[in-house]
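Thanks for sending this over for a second look. I have put my comments into numbered points, so you can follow along with the structure open beside you.

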Amino acid sequence: MPELRLERFATRHVGPLDLRIGAGECVCLQGASGSGKSLLLRALADLDPHTGEAWLDGVACSAMPAPQWRRKVVLVAAESQWWHARVGAHFPPGFERAQLAALDLPGEALDWEVARCSTGERQRLALLRALALQPAALLLDEPTGNLDAESSARVEALVADYRRDHAAAVLWVSHDARQAARVASRSLMLREGRLEAAATAAEVEA
Ligand SMILES: Nc1ncnc2c1ncn2[C@@H]1O[C@H](COP(=O)(O)OP(=O)(O)OP(=O)(O)O)[C@@H](O)[C@H]1O
C-alpha cells in the first residue's frame, strides 16, 4: 500500500521533518505565506534539492530515477504549467472526455487552446491531468485557490473518491481551516521550519 514517509527530510527553508501519510490518508498542511509549503511540495516531488529521505511504499526516493518518482508522487502546483498549445495534448492516451464532467468541464475542453482557459479552468484541468496519471501519492498546492464554492466542493469530492479508490496518500496545502477539517484526517502547521498540530476549525472559529 502506498504510504508516503519523510525521514529527516529538509529543504533550504524547512526541516528536518519526520512525517508519515498512510495509504488512503489525507493530511492538510497549513502555514503562513512564505513559510515554505510550496518548496516542500516541490522537493517531495523531487523537483527541488533536499536532504534526508522520502519513502513511497517502502522505496526510497534516492533509489529511484527522478522521472519514475514523479510519475508516482505527483505535484499539482498552485500555478500549473502547460507546454503544448492544446489542452488535450497534456492528457495521457485513453483519457475519456466524460471524466471532465467531474469538475464541471465540457468534453470539448480537450480541444481548447490552453491560452483561452481561465485560471480556474486551468486549475481544474491540472488536477484532472494529475489524476489521469494514477499517482500513488498526490501533493496538492492550494488546489481550490482560484475556485468558487461549488467548484471547490467538486474538487474535494473528486480527491476523496480518488484517495479511497486508489488508497493514495495525499498532502493538501490549504489556508482554510474549515476545508482542512473537511478533507483531512490530520492538519499540520508549518512554523519556523517545523511541523506542529494545526488549530482545528472549531478552535479557529471559537
Ligand atoms: N527559487 C527561489 N530562490 C530563493 N528563494 C525562494 C525561491 N522560491 C521561493 N523562495 C522563497 O522561499 C520561501 C518559501 O516559499 P514558498 O513558495 O514555499 O512559500 P509558501 O509557504 O508556499 O507561501 P504561500 O502560502 O504564499 O504560497 C519564500 O520566502 C520565497 O520567497
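1. Let's begin at the ligand: how far from an oxygen atom of the ligand does a polar side-chain atom of His 175 lie? In this predicted model, the distance is 3.1 Å. As for how much of the ligand is covered, its area when taken alone is 650 Å², and the protein buries 56% of that.

2. Two other polar contacts are worth finding on your screen. With Lys 37, look at the side chain: one of its N or O atoms is 2.7 Å from an oxygen atom of the ligand. With Gly 34, look at the backbone instead, where an N or O atom sits 2.8 Å from a ligand oxygen.

3. Now step back to the whole shell around the ligand. A run of neighbours in the sequence takes part, namely Ala 32, Ser 33, Gly 34, Ser 35, Gly 36, Lys 37, Ser 38 and Leu 39. Arg 12, His 13, Glu 142 and His 175 complete the surroundings. Sorted by character, the shell holds 7 polar, 3 charged and 2 nonpolar residues.

4. Glu 142 from that shell deserves a comment of its own. You will find Glu 142 in the loop between strand 7 and helix 4. Its phi is positive, about 45°, although Glu 142 is not a glycine. Is Glu 142 buried, partly exposed or exposed? Its relative accessibility is 27%, so Glu 142 counts as partly exposed.

5. Asp 46 also has a positive phi without being a glycine, with a value near 60°. Its place is the loop between helix 1 (37-44) and strand 4 (51-56). Asp 46 has a relative accessible area of 18% and is therefore buried.

6. Please look at the peptide bond between Gly 15 and Pro 16 as well. This bond is cis, with omega at about 5°. Pro 16 belongs to the loop between strand 1 (4-10) and strand 2.

7. Next comes a charged residue, Glu 25, located in the loop between strand 2 (17-21) and strand 3. Because its relative accessible area is 15%, Glu 25 counts as buried. Which side chains does the side chain of Glu 25 contact? One partner is the side chain of Ser 185, at 3.0 Å. Another is the side chain of Arg 186, at 2.9 Å.

8. What about the nonpolar interior? The largest nonpolar core has 35 residues, and those with the most contacts inside it are Val 87, Leu 100, Leu 125, Leu 127, Leu 140 and Trp 172. Several elements each give at least two residues to this core: strand 3 (26-31), strand 6 (73-76), helix 3 (119-132), strand 7, helix 4 (149-166), strand 8 (169-173) and helix 5 (177-183). Helix 3 supplies the largest share, 6 residues.

9. Finally, a word on the predictor's confidence. The chain has a mean pLDDT of 94, and 97% of its residues reach 70 or more. Among the elements, strand 7 (residues 137-141) has the highest mean pLDDT, 98, and helix 6 (residues 201-205) the lowest, 66. For the complex, the predictor gives an ipTM of 0.93 and a pTM of 0.94.

Technical notes:
Residues are numbered from 1 along each chain as its sequence is written. This is a predicted model: local features need pLDDT of at least 70, side-chain atom pairs count only at pLDDT 80 or more; totals for chains, interfaces and linings use all residues. Side-chain values use heavy atoms; hydrogens and water are left out. A residue is near a molecule or strand if one of its heavy atoms lies within 4 Å of it. A polar contact is a pair of N or O atoms within 3.5 Å; within protein, one must be able to donate a hydrogen and the other to accept it, and residues adjacent in sequence count only if both atoms are side-chain atoms. Accessible areas come from the Shrake-Rupley method with a 1.4 Å probe; for residues, only the protein chains shown count as cover. pLDDT is the predictor's confidence in each residue, from 0 to 100. Helices (H or I, at least four residues) and strands (E, at least two) are DSSP runs, numbered from the N terminus. A nonpolar core is a set of buried Ala, Val, Leu, Ile, Met, Phe, Trp, Tyr and Cys residues joined through side-chain atoms within 4.5 Å. Buried means under 20% relative accessible area, exposed over 50%, partly exposed in between (1.4 Å probe, protein chains only).
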